[in-house]
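Q: Please take a close look at a single part of this model, and then set that part in the context of the chain that holds it and the chain beside it.

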Amino acid sequence: MKEEGKHKKAKKYGMVINLDECTGCGACMVACMAENNVPFKEDESNKLDSIAWMRVYKLTNGKSYPEADICYLPRPCMHCEGEHGHSPCVSVCPATATDYNHETGIVSQIYTRCFGCRYCMAACPYHARYFNWWDPVWPEGSTKYLSPNVSPRMRGVVEKCSFCFHRYQLAMDKAFLEGRTVLEEDEYQTSCTQACPAGAITFGDLNNPEHKVHQLAKPDNKHGGRPGNPNVFRLLERLGTNPKVYYMSSREWVRQAGDNYLDNEDFAKNYRH
Amino acid sequence: MSTQDDKAKEVSADGAAGPIILFFILGLAATLVFGWVIFPKLLYSQKKQPIDFNHILHVEAVEEGCESCHFFREDGSFSGIPKLAQCVECHEDAQGEDPNEVKFVEEYVANGREVPWLVYARQPDCVFFSHAAHVKKAEMDCGTCHGHIGESEHSRVYEENRITGYSRDIWGKNISGLRKHTWERMKMDDCAECHATKEIKTDVETLPWPINWLPRPYEKQTGNQARVKTVKEACFVCHK
Amino acid sequence: MNIGRRSFLSFVIGGAAGTAITPLPWKLIDDSSIWSQNWPWTPVPPDGEYSQVNSVCTLCPGGCGITLRKVDDRVVKIEGMKGHPINDGGLCLMGLSGLQLLYGPTRVKTPLKRVGKRGEGKWEKISWDEAISEVTKKLADIRSNGESHAVGSIVDSESGTVPNLFKRFLTAYGSPNFMTMPSIQDTYGMTLQLMQGVSAQAGFDAENADFILSFGSGIIDGWGSPVRMFKANSAWKANGKKVVQIEPRLSNTAAKSDKWIPIKPGTEAVLALGLANVIITNSLDSKKISRSTGFESFKKLVQNEYSIDKVSKITGINSATIVSLAKNFARASKPLAICGKGQGSIPGSLNEFMAVHALNALVGNINKEGGVWAVTETDYIKWPKLEMDSVAENGMQKERIDGAGSEYPHANSLLNRLAEVINSGDGSLEVIFVSGANPLYSMPDSKAMKTAFDSIPFVVSFSSYMDETADNADLILPNHVYLERYEDVPTLAGLSKPIVGLTRPVVKPQFDTKHVGDVVMLIAKALGGGMADAFPWESYEACLKETLGVKWDVLVEKGFEFNGDKCILEGDFNFYPEAMKSLSNFTPVSAEGSAISYPLILIPYDTIRLANGYIGDPPFAIKAVEDTVLKGKNSCVEINPKTGKELGLTEGRYASLLTPRGKAKVKVHLYEGIMPGIIALPRGLGHTAYDKYLAGKGCNFNELIGPAEDPVSGLDAAWGIRARLTKV
């Protein structure tokens, strides 16, 4: 068992989100909240303090009626690899409350270790991290639906998407019991992937050519995981954060919205590097 | 003014050195007694298990050792302390005349009430522990962490830390925090010690930490005593 | 011995030195940090044995299968059921937040009797026996006075055992006033009746269609069975199928379609007839249709009355677009035209539905793969014949209060007319039962509905939640929520193959609630005589088991059952004289109000993130609502920047919105995706009841619009209302 696995490559869990199929219904957001014991408060319309590990953004093409167009973009934590695990948030955390796991490629967040300095929030270019400004309060009786797999957070700590790492743990437990150490593709899926009614999210091991995410994104690991599929892009690619969430769109303006370009820049040329 | 000062110096030099040392020793002794003897008694409250459980008797009666009652479910999760339903399989009626057995059947079985066992090994909510990984994959013995509980005839007193609410077993019986055996303490460092000293064979090829010259804060604090292998294992392995 | 300052200091230093070499400081630091990381008020969800149970979601008519993840006896997550024919693992955000309805703060926990004024929120807890005898006494009095027809009920739909128990109850009691919440299926049903002569509902083989022409239907905004439509939409994308969306606003559906064609709202039927003209004139119609009854007069009608230029002028769509759309539609191998705006909660104009159905017929896709099917639900409800006594016979001969069946012969229920009939003094009710519906919120002109309810002396709500109707009731007899009860869930909702699902008690009832089916039977039994005989079952569960017969075991095991092809009704499409008469006399329903006082047109829009029927948005769902839809306590009104500029309105400004029916304070959201001169508000906000997470947020669109009676069907055909927007 150990022999066969010894030279196996590390896993790199990632996501491909098909923006052509995404309908902006918000099921991923709620599936995530329900899975991860995300709290809620009376007014959640101030999106700056509204905790949503997965948030669906609305993009517009900036044109006038009737040429206007919109597209939705779900944004989980990108689980940036940076260079060798040098994610923007991990490198600034003074408390080692967040780290990059080379075995799975997942960026952790340990609430009890976090002391709330929010450096990571400042460092994250994707606004994927949220601060608990208040202690979470569940209405009477509502704690009954809290999942034991994710510990509820307290005031003063940062939280973010974990790619439902507890699901990985639970799947591994089952595998261990059955004498396996390797998971099948469908054994570990995030809550949002599973819930998406449009089937727009694909999740799996980017390093495994048999996994659908690899086939869709065609990541080029020699060049920081850059997508090989021309319709696939990553957010703020040129920052070099090497994120593990890939987006797919057949519309050029959507792909262009994934990064900042100068007015006189040739998108088609720069997009391919 | 100067004469007074000189006088005072004289007095202290001659007559007060003894009392000063005495008081120093008194203070030292008082706090030592307090810190080592009284403080632990104050810190922990003593609680009795609702039913005095005889592990020896049960282990003899069952076929598969610990796993007869503390088993893995099909989904890989660990059952932990048995639920009433499981006990009822054998204990629908009182077996024998032990007062504990009678109490168990009358108070709990008859009313369908779960026994509020006090769990010696209960960890804070932020801890994720996989029994499957340790018992099944790493083939570790229950006793490595839980000690000789399976050989006990009576349930120990459960000592609850008044500040944290967790069992004394987590810190260890020894108030100084020292231990002789692996099962005597269940703090993070104890997990980490094993993970650092034992060659943990991972199935993966890990990449080097880019800033190796910069010790991580946690490593720095614990020195060479125990290392939480944050690079290889990651915090999420044991925390949720 | 002289204990001086120095001795004392020495004692302290000794103490400090001693303390440092005891475990005390180190242990205290450790313990207090553990304590501070695990505040006692942060909940620790208990672990336990994991299990999964399958059931069916009833939060909308979509009928998705759900899998509930349990830890011991708690449900901790709702997920879509894998392998379910409707949703196969996917689930919408309402379904996903269902546990907040089960364990949440909006539940009515015991039977309640009003003690203060109506709507004041002062209640007295009463026992079930008291509650049932209260209702029984009232009903017995009314019946003995020969006024049995003055009792009415409002339920969510016509199908399933619970609505049928209500219907049976009213029939045995002697009242024809069994009313249901309106939906586009009412209009589709009538269309099929008039044009195919069948009593059926419309099913769409959407998955197999290759050109979808949608007249404002929110395909991915919650129309039909929402998750099924999401899946169909993804399949269209993957297989290169075309979707054309016709509506004045760039909705999510329009944005995801291959082509969005903005149209002047309310003129969809004209466009459909114009398209028919192009198809017939270019001989692109199917050969079969040209042989059908009345085809020639239809041809004459569209060619004479709906010339391309005229249609272009009315709809605001240029002629070339109309012609190419018609050609592309007709030349597609499996074209499908659908209608019913938004999520389909407003029945809509009968002529529009007929015109769209005619388009489907012209391209020959009635009862064909990828087309429109006339489907019925399996008739598994076969209860013993009802023996009516003389009071019942008398009562059932009376006309319905809403005019369905008399004034409007084709309609089964016209709840939209109830408020007007009562408020104008043309009719009155003594008692109303409301179950699975929230008419005081979700009916157009909800204020008028409330006024009507105010004049009904006895209002009984069976709601599980403190919704607007329950809040204004005299008695609340709370039902179990869907995760606590058995109930059949027949699902049509535009499916080509209807399905029956079964909800089951996944958890024990959390509060002192009772199944509404049981309560109806208990009341009937307490009334005695023929009423008691009409319900020979011991309990609702017994009734359900007997009704489902052999289906019961299948449903318990699998959770759902297909009705298969038996449900498709053959019935050739024809332009029957009555249908033609209606189409010939057709004038589009216009928006209420004068163009001078109200220069803008306000239309509603539906989003899947906002529930606008019986269920209010649970906290998770309302949290997911964008800040361009709801900001703080205000709804955002969508307005084209050009119109905004004319009115001096900028992004984020407060404005006062006035319509002939009501007014509201709103926030301005400039949106390039809306036609100039049109403004749009979301449906599903502005609740006054439920919990603090929902109440008092935004404005209720139904308070701003009134129903517009369709001249043929009598159903509500209002698609918008004239409005004025001013700075505040």
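Q: Is Asp88(C) buried or exposed, or partly exposed? Start there and work outwards.

A: In this predicted model, Asp88(C) is partly exposed, because 17 other C-beta atoms lie within 10 Å, whereas a buried residue needs 20 or more. Asp88(C) has a positive phi of about 35°, although it is not a glycine. Its place in the chain is the loop between β3 and α3 of chain C.

The two elements that flank this loop also take part in an interface. β3 (74-80) and α3 (93-96) of chain C each supply at least two residues of the side that touches chain A. In that interface, 61 residues of chain C are in contact with 52 residues of chain A. Other contributors of at least two residues each include α4 (99-102), α8 (226-238) and α25 (619-623) of chain C. By class, the side of chain C that touches chain A has 32 nonpolar, 15 polar and 14 charged residues.

The largest nonpolar core has 323 residues, and those with the most contacts inside it include Leu93(C), along with Ala27(A), Cys28(A), Val30(A) and Leu275(C). Helix α10 (residues 268-281) of chain C gives the largest share of this core, 10 residues. Leu275(C) touches Ile322(C), Leu325(C), Ala326(C), Phe329(C) and Leu359(C), leaving aside residues up to four places away in sequence.

Chain C as a whole has 26 helices and 26 strands. Its radius of gyration is 29 Å, close to the 27 Å that the globule rule gives for 728 residues, so chain C is as compact as a globular protein of that length. The C-alpha trace of chain C spans about 130 × 70 × 50 Å along its principal axes. Of the 728 residues, 61% count as buried. The domain assignment of chain C gives five entries, among them domain 2 (50-91), domain 3 (112-180 + 408-480 + 509-554) and domain 4 (194-375). The centres of domain 3 and domain 4 of chain C, taken over C-alpha atoms, are separated by 38 Å. Among contacts in chain C between residues at least 6 apart in sequence, 74% join residues at least 24 apart.

Across the interface, chain A has nine helices and 10 strands. The radius of gyration of chain A is 19 Å, close to the 19 Å given by the globule rule for 273 residues, so chain A is as compact as a globular protein of that length. Buried residues make up 53% of chain A.

Chain A also has a residue other than glycine with a positive phi: Thr96(A), where phi is near 50°. Thr96(A) lies in the loop between α3 (88-92) and α4 (119-123) of chain A, and is partly exposed, with 18 other C-beta atoms within 10 Å. Another backbone detail of chain A is the cis peptide bond that joins Tyr65(A) and Pro66(A), with omega about -5°. Pro66(A) lies in the loop between β2 (55-60) and β3 (70-75) of chain A.

Helix α5 (residues 165-177) of chain A is largely enclosed by the rest of the structure, because 10 of its 13 residues are buried. Among the buried residues of α5(A) are Phe165(A), Tyr168(A) and Asp173(A). These buried residues of α5(A) pack against α5 (131-137) of chain B. After α5(A) comes Gly179(A), whose phi is positive, near 75°.

How values were computed:
Residues are numbered from 1 along each chain as its sequence is written. Chains are lettered from A and ligands numbered from 1 in the order in which they are written. This is a predicted model: local features need pLDDT of at least 70, side-chain atom pairs count only at pLDDT 80 or more; totals for chains, interfaces and linings use all residues. Two residues are in contact if their C-beta atoms, placed from the backbone, lie within 7 Å. Helices (H or I, at least four residues) and strands (E, at least two) are DSSP runs, numbered from the N terminus. Ala, Val, Leu, Ile, Met, Phe, Trp, Tyr, Cys and Pro count as nonpolar, Asp, Glu, Lys and Arg as charged, and the others, Gly among them, as polar. A residue is buried if 20 or more other C-beta atoms lie within 10 Å of its own, exposed if 12 or fewer, and partly exposed in between; C-beta atoms are placed from the backbone. The radius of gyration is taken over C-alpha atoms; the globule rule is 2.2 Å times the number of residues to the power 0.38. Domain bounds come from an automatic or database domain assignment. A nonpolar core is a set of buried Ala, Val, Leu, Ile, Met, Phe, Trp, Tyr and Cys residues joined through C-beta atoms within 7 Å.
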